[in-house]
Amino acid sequence: MDRLPLWGAVVLIIAAFFSTGFHHWDEHFQVLEFACYKLGITPQQDLAWEFAARIRPAFLPFLAYLAHHLFTVFGSTDPFALAFFLRLLSAALSFTAMMLMVQAFLPRIADERLRYLFLLLTFFTWFAVYDAVRFSAENWSGNLFVIGFALLMWERTSLRTLFITGALFGLAFTVRMQVAFLIIGLLAWLLFIRKEHFGRITMLVFGMLITICIGIVIDRWLYGEWTLTAWNAFDVNILQGKASAFSTEPWYTYFTDTFVRAVPPISLVFIIAPLILVLLNRCNVLTWVLLPFVLGHSFIAHKELRFLFPIVGLLPITIIQATELVRTKWMPGLLERRAWRISTKVFWTIDLVLLAVVMFKPADAEISLYKTIYDGYSRPIALYHFGSDPYHRVEHIHFYRRPGLEMAGTVSDSTRFTLSDTILVATMRPADVETRWPHRTLIYASLPAWVKQFDINGWVERTDQWYVYQVEP
């Protein structure tokens, strides 16, 4: 059991290496491209609309900006190495949160079997590992809160620890303001249930205010003017209804989406366990933290499952405490039952298969296209395309482009090529290139050749995939 954290660290490092790209557009366009803007790489007109609206905090772009300068000190400008470093940094933060939760709660779990289960859930839940390596606001805000939460759950916290905890909460809020639901719930529990001395809570709030003010200064660095991004985001997305313009979903969407996307039947565990805790232990700190967070998000019209990622780090102890409640109230012999043994075997069989997938699968498949072009051509090249532009994904991607890569536009009958140029052509239909250029070399395909040997029922042809050719005009 002592080696499980070590294996958990290994899993995170592997996932950080292979889980290239981004889970959602925001992870890239509102972090890395914002950093590239400050580095003079991305023009302002190619930034996401959120930049002009001043609604995205600058903390993560600032970290990416500093990391870029650190790499240049050592003579590297490779964006793929930089992105890996940022994922590794995210993994380190996640691992810190995991270890502190283990230190805070493991001694409170009496049953050895549940202690073992707690460690397994903490380090090897498949979607927790996937989220843990994301350089995203959801992951960072959640981990910063969880670290502060774990510190606060120690038996006795000093005023210094309270200040540090508050600073972490303030930083979590700075990264993603919706974490306020977690913070408010925790403060209410401290005040009404733990009966914490008001002066100690004041020290915690003081730490929060310090880092929130630091976040405002960093926002000024990005936007060039004083602004309150948290208020701007609330005003634009909620009061003006901008978020609802993307989509609106019913209040129960997070339950149905969790059931489907966390993979049934094991997804039921992540739905039922919090419900048991909320219904049967209303004074539990997790009840006070989780309930306002889930309810608050449920009553916001626009919903995405990633918005719940900040509470991923709280799920392992939630499941353990829910199990202990069931044993105490209804089933003292729960862990000895055959149904429990079968259920746990099914859970971990499915989880380990999914864990293997997220450890080695890219988060975004097209990153390999960008890397092939970046690594293969040090001289100036021109990239043409048929149909859509592979470097346009909602907005233009500049972060992964090599200097000297000319985005030459769409191939048409009037397109004229310079013979001295190195010409690349990207397409999703190989016939576009093969019928026009007899002299060509395929340098990239989304699916490797061996996969096409398993083209059962023509699924390869029905799958969107990129081909990039070097052609001789």
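**Inside a predicted fold**

Start with one side chain, Phe149. Leaving aside residues up to four places away in sequence, Phe149 touches Met101, Phe105, Phe169, Leu186, Val285, Leu286, Val289 and Leu314. Keep in mind that this is a predicted model.

Now step back to the core. Phe149 belongs to the largest nonpolar core, which has 131 residues. Within this core, Phe145, Phe149 and Leu186 touch the most other members. Helix 5, residues 79-105, gives the most to this core: 13 residues. Apart from the largest core lies another one, of eleven residues. Ile423, Val425, Tyr467 and Tyr469 are among its members. There is a general pattern to recall here. In soluble globular proteins, nonpolar side chains tend to be buried together.

Next, take the whole chain. The protein has 20 helices and seven strands. Its radius of gyration is 25 Å, and the globule rule gives 23 Å for 473 residues. The two values are close, so the protein is as compact as a globular protein of that length. Along the principal axes, the C-alpha trace spans about 75 × 55 × 45 Å.

How much of the protein counts as buried? The share is 51% of the 473 residues. Contacts also link distant parts of the sequence. Among contacts with a separation of 6 or more, 78% join residues 24 or more positions apart.

Finish on the outside. The protein exposes about 22,500 Å², and carbon and sulfur atoms supply 65% of that area. Then come the charges. There are 39 positive and 36 negative ones, and their mean positions are 9 Å apart.

Key: Residues are numbered from 1 along each chain as its sequence is written. This is a predicted model: local features need pLDDT of at least 70, side-chain atom pairs count only at pLDDT 80 or more; totals for chains, interfaces and linings use all residues. Side-chain values use heavy atoms; hydrogens and water are left out. Helices (H or I, at least four residues) and strands (E, at least two) are DSSP runs, numbered from the N terminus. The radius of gyration is taken over C-alpha atoms; the globule rule is 2.2 Å times the number of residues to the power 0.38. Buried means under 20% relative accessible area, exposed over 50%, partly exposed in between (1.4 Å probe, protein chains only). Contact means heavy atoms within 4.5 Å. Accessible areas come from the Shrake-Rupley method with a 1.4 Å probe; for residues, only the protein chains shown count as cover. Lys and Arg count as positive and Asp and Glu as negative; His and the chain ends are not counted. The place of a charge is taken as NZ of Lys, CZ of Arg, CG of Asp or CD of Glu. A nonpolar core is a set of buried Ala, Val, Leu, Ile, Met, Phe, Trp, Tyr and Cys residues joined through side-chain atoms within 4.5 Å.
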